[in-house]
Amino acid sequence: MTALMWGVGIVIFVVGLLFSIAWHELGHLSTAKLFKIRVPQYMVGFGPTIWSRHKGETEYGFKAIPLGGYIRMIGMFPPGPDGKVLARSSSPWRSMIEDARSAAYEELQPGDETRMFYTRKPWKRVIVMFAGPFMNLILALVLFAITLMGIGGNVTTTSIGSVAECVVKASATTDKATKADVCPKNSVAPPAKAAGFKAGDRIESFNGQSVSDWNDLSDKIRDTIGPATVVVVRDGKPLTLHPVLVKNTVNKKDRDGYPVKGQYVNAGFLGFTPASGYRTLTFGESVDRMVSNAESSVRGIADIPSKIPALWGSAFQGKERTVDQPVGMVGVARIGGEVFSLKIPATQQIGIMLNLLAGVNLSLFLFNMLPLLPLDGGHIAGALWESLRRRLAKLTRRPDPGPFDVAKLMPVAYVVAGIFICFTALVLVADVVNPVTLS
């Protein structure tokens, strides 16, 4: 049954990924048709076509490799300086430019002269190219909202999960560091144990101040060294305890309140592990969680270059695969399979899966907005630059410079695509031979 549910989880994730891709391309398609640009193809996937159907002037279909999608618009690039589409050059870089330009016109039909992408005003082109990533952003927000406010999310609570047996520096702990049999000699009991805290106690207030969440409580504990007054609820009744907090080496927290691996600070120490809980979040809490997810995704994309050496080690040198390393679609699909094999309520399985898909859509939005060809952000940057230089020419009473020839950037696009393919292959190998797992 576990293997079956693991397979079901992977299938559900793949279906969700295909929908996300189709949803992205629908944004491009709908706005392109709105501005009367001819779109010969709308495809989900790459490679050989496995199914397609013509409706009107557009062919809709699915291809064999479900790792992307595209729409084909007529006239993505303007003609060359000589006004011709087809030309040849002995220069390999020039050939790349001319091949890209000719591909944009290969399905040109009579009457398309006024329906080409490059003939539209820059602001319309920006809308067409932004619409795809924007659809992913909308889908991510909807899925996050459903997950957090409708189904619920995993949160760290102010209840006590376990009480430590001894005071140990965070820099010296292991997975069993809170157990008595691994306490170092001459170690002392932590304040929580000495004061009589027990697993299941829910902390209501700290030094006379009510606590709203774990981050709030954690900050209060870290800021206190010496006697404290803590009110807990045990068996439904309030109980006041008087621990004496000590200074200890603990993990540094990041801006979101999560511990930073390998970084430590000296702070107040009580000595317990908080329990995790699953509950629906308020609108405000959901917005905070979404903003936090977006900030983490931005930092994750920015940190990709610095993660490559560790990723290489995990893929080819047998080094530990850490959770902060990039994970590809295969890796996320495997995690989706693990989710459905967990012995947790079905609603939580669905919630985690929707959260994974929301994260994928958020990453697709951010990644596609990078101002690099062949990404959508590269075309947006080209349209904005064209608008800027036309305005400058008008202000300085110079001749209209005409459309910006994005095709001239195709050599750069090929380099970017090559780097992306190599990075994707590296992540794929790591996901197969040394995957990130929920455990």
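Here a biologist asks about a predicted model and a modeller answers.

Biologist: What should I know about the numbering and the predicted model?
Modeller: Residues are numbered from 1 along each chain as its sequence is written, and side-chain values use heavy atoms, with hydrogens and water left out. In this predicted model local features need pLDDT of at least 70 and side-chain atom pairs count only at pLDDT 80 or more, while totals for chains, interfaces and linings use all residues.

Biologist: How many helices and strands does the protein chain have?
Modeller: Both are DSSP runs, numbered from the N terminus: helices are H or I with at least four residues, strands are E with at least two. By that count the protein chain has 11 helices and 11 strands.

Biologist: What share of the residues of the protein chain count as buried?
Modeller: Buried means under 20% relative accessible area, exposed over 50%, and partly exposed in between (1.4 Å probe, protein chains only). Of the 439 residues of the protein chain, the buried share is 43%.

Biologist: What is the accessible surface of the protein chain, and what part belongs to carbon and sulfur atoms?
Modeller: Accessible areas come from the Shrake-Rupley method with a 1.4 Å probe; for residues, only the protein chains shown count as cover. The total comes to about 23700 Å². The carbon and sulfur part is 62%.

Biologist: Which helix gives the most to the largest nonpolar core?
Modeller: A nonpolar core is a set of buried Ala, Val, Leu, Ile, Met, Phe, Trp, Tyr and Cys residues joined through side-chain atoms within 4.5 Å. The largest has 50 residues, and Phe-13 and Val-128 are among those with the most contacts inside it. Elements that each supply at least two residues of this core include α1, β1 (41-55), α8 (329-341) and α11. The most, 9 residues, comes from α3.

Biologist: Which residues does Phe-13 contact, leaving aside neighbours within four places in sequence?
Modeller: Contact means heavy atoms within 4.5 Å. With those neighbours left aside, the partners of Phe-13 are Met-329, Val-332, Ala-333, Met-353, Leu-357 and Val-360.

Biologist: Which helices are included in what covers the buried residues of α8?
Modeller: The buried residues of α8 include Val-332, Ala-333, Ile-335 and Phe-340. Their cover includes α1, α9 and α11.

Biologist: Is Ser-20 buried or exposed?
Modeller: Ser-20 sits in helix α1 (residues 2-34). Not counting residues up to four places away in sequence, Ser-20 touches Asn-136, Leu-139 and Asn-361. Its relative accessible area is 2%, so Ser-20 is buried.

Biologist: Why does the length of helix α11 agree with what is expected?
Modeller: The expected span of a helix is 1.5 Å times one less than its number of residues. Helix α11 (residues 410-433) has 24 residues, so it should span 34 Å. Its end C-alpha atoms agree, because they are apart by 34 Å.

Biologist: Which residue of helix α11 pairs with Arg-321 in a salt bridge?
Modeller: A salt bridge is a side-chain nitrogen of Lys or Arg within 4 Å of a carboxyl oxygen of Asp or Glu. The Arg-321 bridge has an N to O distance of 3.1 Å. It links distant parts of the chain, 110 residues apart, with Arg-321 in the loop between α7 (304-316) and α8. Arg-321 is buried at 9% relative accessible area, and at 1% its partner also counts as buried: Asp-431.

Biologist: Which residue pairs with Arg-234 in a salt bridge?
Modeller: Arg-234 is in strand β7 (residues 230-234), and its partner lies 33 residues apart in the loop between α4 (191-195) and β4 (202-206). Both residues are buried. The N to O distance is 2.8 Å, and the partner is Asp-201.

Biologist: Are Glu-204 and Arg-202 buried or partly exposed?
Modeller: Their side chains meet in a salt bridge at 3.0 Å, N to O. Glu-204 has a relative accessible area of 34%, and Arg-202 has 35%. Hence Glu-204 is partly exposed, and Arg-202 is partly exposed.

Biologist: How many salt bridges does a search of the whole structure find?
Modeller: Some share partners: Arg-125, Glu-386, Arg-390 and Asp-400 are joined into one network. The search of the whole structure finds 9.
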